[in-house]
Amino acid sequence: MQKIEHIGIAVNNLEEAEKRFAQLLNTVSYKREVVESEGVITSFFKIGESKIELLAATKPDSPIQKFIDKKGEGIHHIAFEVFDIEQKLRELKTQGFRLINEKPKDGADNKKIAFIHPKSTGGILVEICQEKK
Ligand code: ZN
């Protein structure tokens with residue numbers, strides 16, 4: 001893993017959360033992006049080497065909405081950047097990690113992404129991501 005690329009935070013109201021985080025981080029969101037396949041709208045803040053990714057549901061059956069219904073708003077996942085996501089997924093599988101995505105899929109912010117199941121990481125949803133060329 002290269003670095004913490006971003007921390008994903010599930011929010012109910014994207015506008016309100018953007019205002020709150022703009023104050024907290026003293027910087028404004030640099031982009032919003034809808035990921036249709038995930039039923040999510042994201043908003044990104046750059047903070048040093050890393051980013052904060054706010055996640056709000058765009059439909060009632062969105063995984064983000066299910067998360068909020070179950071656990072409330074808060075940290076949803078931690079994303080680590082890798083150079084070669086396919087190789088990293090093979091490695092993780094060999095090491096016994098349970099993969100939610102066996103193959104990378106398209107994520108927000110020009111990334112290929114895959115998730116590792118929280119059951120194999122002590123309760124933390126882990127995303128690994130690679131910048132698309
Ligand atoms: Zn993410």
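The donor residues of the zinc ion follow the sequence spacing H-x46-E-x23-H-x49-E, donors being N, O and S atoms within 2.8 Å of the metal (3.2 Å for Na, K and Ca), with water not among the atoms, so that sites may look incomplete. The model is predicted, and local features require pLDDT of at least 70, side-chain atom pairs pLDDT 80 or more, whereas totals for chains, interfaces and linings use all residues. Residues are numbered from 1 along each chain as its sequence is written, and side-chain values use heavy atoms, without hydrogens and water.

Coordination is provided by His6 (NE2), Glu53 (OE), His77 (NE2) and Glu127 (OE) at 2.1 to 2.2 Å. The angles among the four donor atoms span 84 to 167°, and the site is irregular, a class left for anything that is neither tetrahedral (four donors, all angles between 85 and 135 degrees) nor square planar or octahedral (four and six donors respectively, opposite donors over 155 degrees apart and all others between 65 and 115). Because His6 lies in strand E1 (residues 3–10) and Glu127 in strand E8 (residues 126–131), the pair ties together parts 121 residues apart in sequence; strands are DSSP runs of at least two residues, helices (H or I) of at least four, numbered from the N terminus. Both His6 and Glu127 are buried (under 20% relative accessible area, with exposed over 50% and partly exposed in between; 1.4 Å probe, protein chains only).

Eight strands form an open sheet of mixed pairing in the order E2-E3-E4-E1-E5-E8-E7-E6, where pairing requires at least two DSSP bridges between two strands. Strands E2 (31–35) and E6 (105–107) are the edge strands, each pairing on one side only. E6 and strand E7 (residues 111–116) pair in the antiparallel sense over three bridges.
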